[in-house]
Amino acid sequence: MSSPTIPHQLIEKIKQAQHIVVFTGAGISAESGVPTFRDAQTGLWAKYDPLELATPEAFQRDPKLVWEWYAWRREKINHVKPNAGHLALVELAQQVPQFTLITQNVDGLHQQAGSQNVIELHGNIHRIKCANKQNVVENWQQLDGSPPECPLCGDHLRPDIVWFGEALPVDAISNAFAAAEQCDVLFSIGTSSLVQPAASIPLEALQHGATVVEINPNPTPLTEQVTFSILGQAGQILPTLIRQLTA
Ligand code: BV8
């Protein structure tokens with residue numbers, strides 16, 4: 001497959017940038033083998049809609065089912081590695097005075113690739129917290145399929161993940177919007193731009209005069225509004241961009 005072309009003007013913009021923000025969604029982990037959020041679920045989970053399962057109501061109704069769904073996803077994620085797209089972002093961070101990485105993903109692959117100070121808008125599937133007190137619990141025992149009990153209060157433990165209908169962590173969302181307002185260039189990579197309030201972050205950057213670049217094999221509701229739309233896979237485009245930037 002021929003290398004995707006990166007507009008020369010974009011390379012120049014990146015070279016002049018003082019602050020670059022990268023905002024990622026499930027698509028950047030697709031080439032690691034992590035199904036995107038809206039990909040059809042497989043096996044016994046095929047009959048469930050992620051939008052239904054990733055809610056406090058579902059956990060309230062059937063904590064074991066929701067706990068097992070996350071245990072299944074965690075197990076799959078434990079066997080994958082960061083891909084060339086994740087690694088290229090670690091390189092990009094070294095090419096600019098200020099770099100902010102914001103992710104909607106819960107798989108922890110950016111950190112595994114070496115990215116620092118990652119803003120996790122929707123939590124992290126590897127972190128577990130008390131459903132009652134919300135404190136993160138480090139040592140917990142997985143007994144049968146049921147959610148383990150909190151060692152402090154005995155309530156259910158749950159993934160430290162933001163479910164639909166739950167507020168995002170205040171620091172994460174305010175730091176993300178602040179970075180979007182201050183940056184010169186924002187990349188929106190591998191997201192369908194559907195989930196709020198995250199999907200408003202690239203718009204915030206546009207409204208504050210930043211150059212906004214979308215990298216996605218498919219068009220999204222953001223595509224019409226961005227400065228540069230590069231159709232393709234992050235794992236191909238980002239290493240090409242780094243090569244052209246450092247040539
Ligand atoms: C909130 C953790 C308020 C869970 C996630 C109507 C009714 C009810 C609610 C709402 C409504 N309208 C809006 C809302 C709010 C709702 C929302 O946005 N719903 C959507 C569905 C319309 N939002 C919320 O509920 C948020 N909370 O609003 O709270 C509030 C305020 C105060 C007090 C109380 C409450 C919470 C949203 C967070 C939900 N949790 N994740 C879990 O993972 O189990 S979001 C979930 O979607 C994932 O985290 C995922 O990251 C995120 C977004 O999806 P994408 O990352 O974009 O992934 P997707 O599969 O969609 O797309 C992948 C893209 O990659 C595609 O475009 C594809 O083309 C591309 N791609 C594929 N391969 C590649 C690629 N790109 C590049 N390279 C490739 N190789």
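Two strands are taken to pair if DSSP finds at least two bridges between them. In this predicted model, strand 1 (residues 19-24) and strand 6 (residues 185-189) are joined in the parallel sense by five bridges. Within this pairing, Ile20 stands opposite Val185 of strand 6. Both strands belong to an open sheet of six strands, arranged in the order 3-2-1-6-7-8 with parallel pairing. The sheet is bounded by strand 3 (119-120) and strand 8 (228-231), the edge strands, each of which pairs on one side only.

The second largest pocket encloses about 180 Å³ of space. Helix 6 (84-93) and strand 2 (98-103) each contribute at least two residues to the lining of this pocket, and helix 6 gives the most, with three residues. Among the lining residues are Leu89, Val90, Ala93, Phe99, Thr100 and Ile119, together with Gly114, Ser115, Gln116 and Asn117. By class, the lining of the second largest pocket comprises five nonpolar and six polar residues, with no charged residues.

Zero disulfides are present in the structure. A disulfide is a covalent bond between the sulfur atoms of two cysteines, and the cut-off applied to such a pair is within 2.5 Å. For Cys150, the closest cysteine sulfur is that of Cys130, at 3.8 Å, and is therefore too far for a bond. The closest cysteine sulfur to that of Cys153 also lies in Cys130, at 3.5 Å, which is likewise too far for a bond. With respect to solvent accessibility, Cys150 counts as buried, at 3% relative accessibility, whereas Cys153 counts as partly exposed, at 32%.

Terms used
Residues are numbered from 1 along each chain as its sequence is written. This is a predicted model: local features need pLDDT of at least 70, side-chain atom pairs count only at pLDDT 80 or more; totals for chains, interfaces and linings use all residues. Side-chain values use heavy atoms; hydrogens and water are left out. Helices (H or I, at least four residues) and strands (E, at least two) are DSSP runs, numbered from the N terminus. On a 1 Å grid over the protein atoms alone, a cavity is a set of points where a 1.4 Å probe fits but cannot get out, and a pocket is an open set with protein on both sides within 12 Å along at least five of seven lines; lining residues have an atom within 4 Å of a point. Grid points are joined across faces, edges and corners, and a volume is the space filled by probe spheres set on the points. Ala, Val, Leu, Ile, Met, Phe, Trp, Tyr, Cys and Pro count as nonpolar, Asp, Glu, Lys and Arg as charged, and the others, Gly among them, as polar. Buried means under 20% relative accessible area, exposed over 50%, partly exposed in between (1.4 Å probe, protein chains only).
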